[in-house]
Amino acid sequence: MAASVVLAACQLVIPFPPPPSGTVTFQRELIDPRDTGADVKAVGDIDGDGDMDVVAGDNEGLPLQWYENPSWTVRVIDNRSVFTTDVELGDVDRDGDIDVIVPDYPAGTMLWYANPRIGGGSWRATILGSADAHDVQVGDQDRDGDLDVLVRGHGSETVLFLQLTPSSWARRVLPAPPGEGLGYGDIDGDGDLDVAQNGWWLEAPADASNGSWIRHEFASGWPELVAAEVVDVNGDGRNDIVVAASESLGRLVWYEAPPSPRTGVWAEHVVAADVGYVHQFGVADVDRDGDKDVVFAEMAQSPSGRIGWFANGGSGLSWTLTTIATTGSHNIRVVDMDRDGDVDIVGSNFGDTSPLELWRNLGRS
């Protein structure tokens, strides 16, 4: 687990053909030009210099490592290749630096790696507990000031790990069937974190350690395998639920949250009726016009392999597609990489040709 330099990835900028005048332009940059096969990807300031670094790993050859922005020098966190399919970043031990939370897939365990930036030493792994995790989310579920970890398995349980100390975690299984997709946010407006999956949401109890999670249905007809996010799409102050088919051809849809207590009808609004294999998406203001757009990528199994975004026409009731590329991507991250006020895209495809790439938002042409 030595934190040593193993590769200085060359920085290669490949301009994509510009879109028509007046639209947002993206420029492709290779973070790592190799066929990385990086299932797990996350973005955060690992070295504390104020810019966004990239964490990546896989279970078929790529170790868990981080790329230093802007040189994209690679440093190893753990030289094993046992990590899939998701990873999150956060300050687990509250020492002021960003740690890495990731599944060890063959072992069926969740791990967190302590960042050695403050305190020195090497990256140190701690086991949270057992979980066959596919989706990972982090947040302060019990509102005690530290990070907790929520995971949904590869066709298995949804598990909440409540942090007692950084080395001791309480494990709770939530009342959810197998599948993919794990939206996490305050759905009912009571200040704690609820869970959204493929057609239902779980209302968190006030007592995260012992209370009962209540299941509410917001839609029917979704497959077991989706991507899901909890976010206020239309700007009305209530968090909505966005869902896309993650392992099949399908749709990208947002469901409008009804007034409190959120037990009424969730109105369905279709962003796109013809997207599929969207393993992850992001909801953010791409064009800086004040409303939230949807950034998406179709992975290798998709016949179209689009990377693109849907511009919000206002209140989430109309959407316009801009395709950035047709090379596909998997588990994208949508974040402001260069601190210029707009959002960029980080990803790599799932399949045989999968460099780790950055699509840099250049703003309107």
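This is a short talk on the overall build, the two largest pockets and a few backbone details of one protein model.

Okay, hi everyone. Before anything else: what we have here is a predicted model, so keep that in mind as I go.

Let's start with the overall build. How many helices and how many strands does the protein have? The count is zero helices and 30 strands. As for packing, the radius of gyration is 20 Å, and the globule rule gives 21 Å for 365 residues, so the protein is as compact as a globular protein of that length. If you want a box for it, the C-alpha atoms fill roughly 55 × 55 × 35 Å along the principal axes. Of the 365 residues, 58% are buried. The protein exposes about 13600 Å², with 51% of that coming from carbon and sulfur atoms. And on contacts: take the ones between residues at least 6 apart in sequence, and 45% of them join residues at least 24 apart.

Right, pockets. The general idea first: rolling a probe the size of a water molecule over the atoms shows where empty space is left.

The largest pocket holds about 620 Å³ of space. Which residues lie nearest its centre? Those are Glu88, Gln137, Glu229, Gln280 and Arg333, out of 32 lining residues. Several strands supply at least two lining residues each, including S4 (40-44), S8 (88-90) and S12 (133-139). Further along the chain, S20 (226-231), S24 (281-284) and S28 (330-335) do so too. S20 gives the largest share, six residues. By class, that lining splits into 19 nonpolar, eight polar and five charged residues.

Now the second largest pocket, with a volume of about 300 Å³. It is lined by 23 residues, and Asp39, Asp58, Asn59, Thr84 and Phe350 are the closest to its centre. The class split here is four nonpolar, 13 polar and six charged.

Thr84 brings me to the backbone, as it shares a cis peptide bond with Thr85, with omega about 5°. Thr85 sits in the loop between S7 (73-78) and S8. There is also a cis bond between Ser260 and Pro261, with omega about 15°. You'll find Pro261 in the loop between S22 (249-256) and S23 (267-276).

If you like checking Ramachandran plots, here are two residues to look up. Trp72 is not a glycine, yet it has a positive phi of about 60°. That residue is in the loop between S6 (64-68) and S7. Buried or exposed? Trp72 is buried, because its relative accessible area is 0% and the cut-off is under 20%. The other one is Tyr277, again not a glycine, with a positive phi of about 55°. Tyr277 belongs to the loop between S23 and S24. At 17% relative accessibility, Tyr277 also falls under that 20% cut-off, so it counts as buried.

Last stop, Gly341, which is in the loop between S28 and S29 (344-348). Gly341 has 46% relative accessibility, so it counts as partly exposed, a class that runs between the 20% and 50% limits. What does Gly341 touch, leaving out residues up to four places away in sequence? The answer is Arg288 and Asp336. From Gly341 to Ser315 it is 26 residues in sequence and 22 Å in space, C-alpha to C-alpha.

That's my tour, thanks.

Key: Residues numbered from 1 in each chain as written. Predicted model: local features only at pLDDT ≥ 70, side-chain atom pairs only at ≥ 80, totals over all residues. Heavy atoms only, no water. 1 Å grid on protein atoms, 1.4 Å probe; cavity = no way out; pocket = protein on both sides within 12 Å on 5 of 7 lines; lining within 4 Å. Points joined across faces, edges and corners; volume = space filled by probe spheres on them. Helix = DSSP H or I, 4+ residues; strand = E, 2+ residues; numbered from the N terminus. Nonpolar A, V, L, I, M, F, W, Y, C, P; charged D, E, K, R; others polar. Rg over C-alpha atoms; globule rule 2.2 N^0.38 Å. Buried < 20%, exposed > 50% of the residue type's maximum accessible area, 1.4 Å probe, protein only. Contact = heavy atoms within 4.5 Å. Areas by Shrake-Rupley, 256 points an atom, 1.4 Å probe, with all protein chains shown as cover.
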